[in-house]
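User: I have a structure open and would like to go through it step by step. Can you help me read it?

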Amino acid sequence: MSWLWPVLGALGASTAALVGSGLILTLGRRAERAAGWLFAYAVGTLLAAAVLGLLPEALEHAPPMKAMWLFLAGMLGFIFFERALRWRHHAHRHHGEGSVERTTAVALLWGDALHNFIDGLVLGVSFGVSSEVGTAAAVAIFAHEVPQEIGDFAILLEAGMPKRRAMLLNYLSGLTPVPGALLAFAGASSPAVFGVLLPLAAGGFVYIALAGLVPALQHRKGRGAGLLQLGLVLLGVATVWAVGQLSA
Ligand SMILES: [Zn+2]
């Protein structure tokens, strides 16, 4: 497969920054409310891409116990990596807690760039498997980045950054999946590296879904909201499954 595919997938995923900013500018607070629901859909896509797309492939490239150890290492690694960097502590934002400081905005952009780079690595590994798994990963990244970027952009504005500057910087920090995807795609050409990257990437997606997004879902109270979230999670799973069927 050509390196063009992971690059296109990464560029597609990076438009989430523009979509998120655009939604805030046109819909305001309603966009932030919608982001809460989009997170539920994203949880389904991320978990399905990891469990149905990456893990089965990982088990074909390495002995099962080695693959599962690496999967575990991926999840644990991301927990402590994020802890060390304290990035993205804002998947759910608390309103009315006063102004956001400028340093928070800068830290946010750098953290965002790093997170997106890792998204790109997972994307490159996924395209190393097949165009279907790659597309499923691109859907999963786009699905969680749109609501994430809605929140990020709102914070940048709240920090007093002018709209255009916020939009530009947010988009630039959203471009890091491109080098990430290229790097991982190049690594995937070596079977030994690929066998290690696959379960690590799966661990990354599971981590983003369960640690980054699920806590945001808990903020919606009530049985109706819970059922709607469940429906959206299943819709996310169905999307990834449907992408996988395109080749079959
Ligand atoms: Zn992401």
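User: Why are H115 and D119 separated by about one helical turn?

Analyst: Keep in mind that this model is predicted. H115 and D119 both belong to helix α4. They are four residues apart there, so the separation comes to about one helical turn.

User: Are H115 and D119 buried or exposed?

Analyst: Buried means under 20% relative accessible area. H115 meets that description, and D119 does too. The answer for H115 and D119 is buried.

User: Which residues coordinate the zinc ion?

Analyst: Start with the pair from α4: H115 gives NE2 and D119 gives OD. H144 adds its NE2 and E145 an OE. The distances run from 1.9 to 2.0 Å. The residues are H115, D119, H144 and E145.

User: What spacing do the donors of the zinc ion follow along the chain?

Analyst: H115 and D119 are four residues apart, which fits the H-x3-D part of the spacing. The H-E part ends the pattern. In full, the spacing is H-x3-D-x24-H-E.

User: What geometry does the site of the zinc ion have?

Analyst: The site has four donor atoms, with angles of 102 to 120 degrees among them. Four donors count as tetrahedral if all angles lie between 85 and 135 degrees. The site is therefore tetrahedral.

User: Where does S130 lie, and is S130 buried or exposed?

Analyst: Helix α4 covers 102-129 and α5 covers 131-158, with S130 in the loop between them. A polar atom of the S130 side chain lies 3.1 Å from the backbone nitrogen of V133. The relative accessible area of S130 is 18%, so S130 is buried.

User: Is G160 buried or exposed?

Analyst: G160 is found in the loop between α5 and α6. Exposed means over 50%. G160 has 58% relative accessibility, so G160 counts as exposed.

User: How many Å apart in space are G160 and A105?

Analyst: In sequence, G160 and A105 are 55 residues apart. In space, taken C-alpha to C-alpha, the separation is 9.3 Å.

User: How are α2 and α8 oriented to each other?

Analyst: α2 spans residues 29-61 and α8 spans residues 191-217. They pack at about 160 degrees, with axes 8 Å apart. α2 passes α8 in a left-handed crossing. Angles over 145 degrees count as roughly antiparallel, so α2 and α8 are roughly antiparallel.

User: And which crossing does α5 make with α6?

Analyst: α5 and α6 (residues 163-173) pack at about 140 degrees, with axes 10 Å apart. That makes α5 oblique to α6. The crossing is right-handed.

Notes. Residues numbered from 1 in each chain as written. Predicted model: local features only at pLDDT ≥ 70, side-chain atom pairs only at ≥ 80, totals over all residues. Heavy atoms only, no water. Helix = DSSP H or I, 4+ residues; strand = E, 2+ residues; numbered from the N terminus. Buried < 20%, exposed > 50% of the residue type's maximum accessible area, 1.4 Å probe, protein only. Polar contact = N/O pair within 3.5 Å; in protein donor to acceptor, adjacent residues only side chain to side chain. Donors = N, O, S within 2.8 Å, 3.2 Å for Na, K, Ca; no water. Tetrahedral: all angles 85-135°; square planar, octahedral: opposite > 155°, others 65-115°. Axes fitted to C-alpha atoms, helices over the stretch in contact; angles between N-to-C directions. Parallel < 35°, antiparallel > 145°, perpendicular 65-115°, else oblique. Left-handed = near helix turned anticlockwise from the far one by under 90°.
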